[in-house]
Each structure stands twice: as C-alpha cells, then as structure tokens.
Amino acid sequence: MNKQIKSSSVNEYFSWIEQNIPSDTPLYQAAKTYFEASEADDAKRDPNAPFLTVITRTQGKRPDMLCDMLLSLTGQTNTDFELLIMGHNLTDEQNASVNELISELPDWMREKTRLVPVIGGTRSTPLNAGFEEAKGAYIAVLDDDDLVFDHWVETFYSLSKEYNGRILHSYSVIQNWETVGKHLPNTPRVAGAPENTYCCDFDYLNQLGLNKCPFCALAFPASVYKKLGLRFDETLTTTEDWDFLMRASFLTGVANSSEITFLYRNWLNAENSSSLHGQEEWKKNRDYVVKRFSKTPFIMPVGGLKKLYDEILEVDTLYNEDMDDTEMFYDNGEGIKPENLLRRRNSDDIRKFPFVYDVKEGDSLRLCGVRFDPRLKGNFSMKNLVIRVLDTGDQITDFALKDVVTNGYIFKEKILFVKSDPQIILHFPGPIDVKEVRIGCVMKDGLTDLELDAVLSGKAHCGIYGTQRRSVAYRGARKIYRIAKRILPKH
C-alpha cells in the first residue's frame, strides 16, 4: 500500500479489499490499479512544493481586516506554505489596495504570496480556481476577515504526519466583533469574550445536520480535488463549505486535534454571509445539500461503526421513560421551591429530547428560570446539553451549556457530576410564559480516568457560582417533599 496516503478512508477501504478479496477478481484488480496510480502520482510530485496552500477569497472591501489576517499568517511558526489571494471581481482601486498590502509584507512572505484575479461566478468560483492553482500537498481556506494563531500551520503539519490523506481539523473559538470609525469604517474592534462553540471533534452524525467545523479550521488533502475530482458547487450561494467538507470526508475521513488554532470573528455590524443572504436562501441551499447527502455513498472510517453503535446504545440504555429520579423545578419569581415541580411526560423525540416537562394542560406559568435535576446520585457525565423552552405563543428559545450554572464540573463541553444531588440551573434573560421545557443531552454512567484527573487537577472548573448552592435546610426540605409525594394519597 502507498504509505504516503494510507490513512484516508478510501485507502483503508481499498486496502481491506486487497487483504480480503481473492486476487483473481475485478474488484481486487481495481484496488491494485488504484494504489499503483497513487504511487505514480506521488513520484511526479514536486519535492520543492510547499506542505500547505492557503487560499484567501477577497473582494477588496475590507483592507483593515485583510491586513490583520496577513499579519496573523506572517507570524506562523511553520512557514512551509504558499498564499493565494483570490481577488474576486476587484475594481482597479480594490486591486491596487490589495497589491499595496502584499507589497508591505516581509520579503519572505511576499515571495510566498500571489494575487490571482477571478471574474464572475459565485462564492465558490474563487475556491475552485484556488484549488486548481494550489501546489501544496494540503489546502486550507482562510477568509480575509479571520485570524489564526501562530501554530495554525504547525498543527496541520503535525496531524498530517500521522493521518496523511485525511482532512485535518483543529479546534477554534468564536468572538463577537464590530466595525468602528468614520474615516476607516472597517476598523475592527472586539465586542465580547471568545466562546468555545467550535471546540469539538468532527462528528459525522452531528455534522450531517449542522456544520460545527468552520472552514478555516480545516485543511484538505490536495488529492481530494486533483485526483478524486471533487469540486465546490458553484450553484450554491451559501453552505458551499459544508457541502464540500462532507462530500470529501465521506471519502477521506477526518483527523482531529484539540489545539485551538483559529479565531472566528462574528461581525455584529459588518457585511457577512448571514447579512447578505436571507433565511429562505439558507434553507433552500441546506435542503439541496441534505438531499445530495442522501444520494451519496459513504465509506465509514475504521472505528466509525463502533462509535455509531455506542451512540445508539447510549440512547437505548440511558433514556428510560420510567425513570423517576429526574425532576424539573421552576422559579416563578420567588425562587426554587421543593413544591414547584413541572410534570414529566413521554417524549415524542427521545433521541434529541429525552426529557420533556410541561404545566397542566391548558395552563401556563410565568417563570424566571428552571432547575433540572438529572439524577439523585453523581458519578456520570452529560454532553450536548440543550434546554428548549416553548412559550404560550409557540415561540422556541434554546439554551446551551454556556447559559447555565451547575454544581458539576465543566470539562470539554461536558458536565461531570461527581457528588450526589446533581443540578443544572437556568435563569431566563426575562420572564417567559412557559408551556413546555425540553432537555436534550447524552448522559453516560461513570467517569473516565481522564475526567476524574481533570476534576482533581483543577482542569475541569466548577460550573456554579455565588449563592447558587442550596443550603442543607433546603436539601432536607426537598427530601421530605419527595418522601411525602410518594406516600401521601393522591386526590
């Protein structure tokens, strides 16, 4: 087998054929031909070619942000890359502005940088042109308004040593920014603290419904475009990155690194893809992409099937409708009280929302918050927390881990509950006339050695603050109420 690209899913599949299919079959010969062609392609590769080609699309409308991006790229610890700036429909003035920024780069960086003009097409057109021009073994797309940390290229390079041939994925943080200034209206300014929304591994099941991997946190093997023939769909006006990522990952697989290498700038008042394209357009493109996914063969990477089984088994074993130690309390402005209970009912979507609570039929409660008690005892973990609140006007509001406080420990987007009496508290931004509350999560019995070490070493931080801890008297009152509820006759 070709050692240089042996890690990709398609190579693993052909390798499996070579080892398990008789050599006199057409399928075996196809696998052999594939590897021979791969070895021939590698022999032709320019030894002086860079490891990484960085592609940056720009319309020349935000030179201040492009300057910041170039500065972050100039600070890389690994400089084995080239930069292709794809000037999309630039005017003469914009072209001159971009060329001026390139001329101000250090000599070594300027030698690695090319401005490539692209005329016409959609957002995907500069990407196809850039992938065609790329000389690197891997290709990454870096938007002209984003920032990378100094080990961005180095992290991709290190991953490729072990997982050459797979898509490379690192973690990233998102931060709110805004533009200020009268003379230079695109001058950027921070408007909030970074959030770890995208600090998670690539997951096929989650990715099929929602893209959790910003494009700039990925590096694609050039063979995806040049040998396997994948192209960006130029009919898409949005979601072109998600579409390409998933089609490529079906063939190559994805290697993850938990290194945070990229800062995604979420613009509050500047032009971006969200402001340029309406919700209907996003939905239309998403439906188109999902339909394409359903028609695409999927080569599952080695180990993927076990993970899928684990996910299914977690749902089957952890979510029991007869569980009576899971409760939801509410705060109606007078604080959480033992008697303030929402009623549990069967879920109609047990995979996404296994726990559903509502008020009496036809009623509603004006609430300031809720507390979810997942179990009586500790020693379990919870991930993918979503608290969905439905009000009397059928408006849905979703809350996530960042919105709650808890007496558990926060570790890598999980809550680790060590002690008994676990709780999750959510304070609403304002009073809500609540009709229903749904809890989405995955709970797993027991804590791993890594998770316990994180708690003991302080790497996992306690998620509850101030006066949120309940007093001993309160816990006693709650236990008395539970006992009374079970033994007193029901009217």
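The accessible surface of the chain in this predicted model amounts to about 25,100 Å², and carbon and sulfur atoms contribute 53% of that area. Of the 491 residues in the chain, 47% count as buried. The secondary structure comprises 15 helices and 21 strands. Among contacts in the chain with a separation of 6 or more, 78% are made by residues 24 or more positions apart.

Charged pairs offer a good way into the details of the fold. Side chains of opposite charge can pair when their charged atoms come close. With a cut-off of 4 Å between a side-chain nitrogen of Lys or Arg and a carboxyl oxygen of Asp or Glu, the count reaches 26 salt bridges. Three of these pairs are worth a closer look, together with a network.

The first pair to consider is Arg375 with Asp445, whose side chains form a salt bridge with an N to O distance of 2.4 Å. Arg375 sits in the loop between strand S14 (365-373) and strand S15 (380-391), while Asp445 belongs to strand S20 (residues 424-445), so this salt bridge ties together parts that are 70 residues apart in sequence. The two partners also fall into opposite classes of accessibility: Arg375 counts as buried because its relative accessibility is 12%, under the 20% limit, whereas Asp445, at 51%, counts as exposed because the limit for that class is over 50%.

Next comes the pair of Arg388 and Asp398, where the side chains meet in a salt bridge at 2.8 Å, N to O. Here Arg388 is part of strand S15 and Asp398 is part of strand S16 (residues 396-400), so the parts tied together are 10 residues apart in sequence. Arg388 is partly exposed, with 25% relative accessibility, and Asp398 is likewise partly exposed, with a relative accessible area of 41%.

Between strands S15 and S16 runs a loop that holds Asp394. What is the partner of Asp394 in a salt bridge? The answer is Lys435, with the closest N and O atoms 2.7 Å apart. Lys435 lies in strand S20, and the pair links distant parts of the chain, 41 residues apart. A relative accessible area of 48% makes Asp394 partly exposed, and Lys435 is partly exposed as well, at 31% relative accessibility.

Beyond these pairs, salt bridges with shared partners join five side chains into one network: Arg343, Arg345, Asp358, Glu436 and Arg438.

Terms used:
Residues are numbered from 1 along each chain as its sequence is written. This is a predicted model: local features need pLDDT of at least 70, side-chain atom pairs count only at pLDDT 80 or more; totals for chains, interfaces and linings use all residues. Side-chain values use heavy atoms; hydrogens and water are left out. Helices (H or I, at least four residues) and strands (E, at least two) are DSSP runs, numbered from the N terminus. Buried means under 20% relative accessible area, exposed over 50%, partly exposed in between (1.4 Å probe, protein chains only). Contact means heavy atoms within 4.5 Å. Accessible areas come from the Shrake-Rupley method with a 1.4 Å probe; for residues, only the protein chains shown count as cover.
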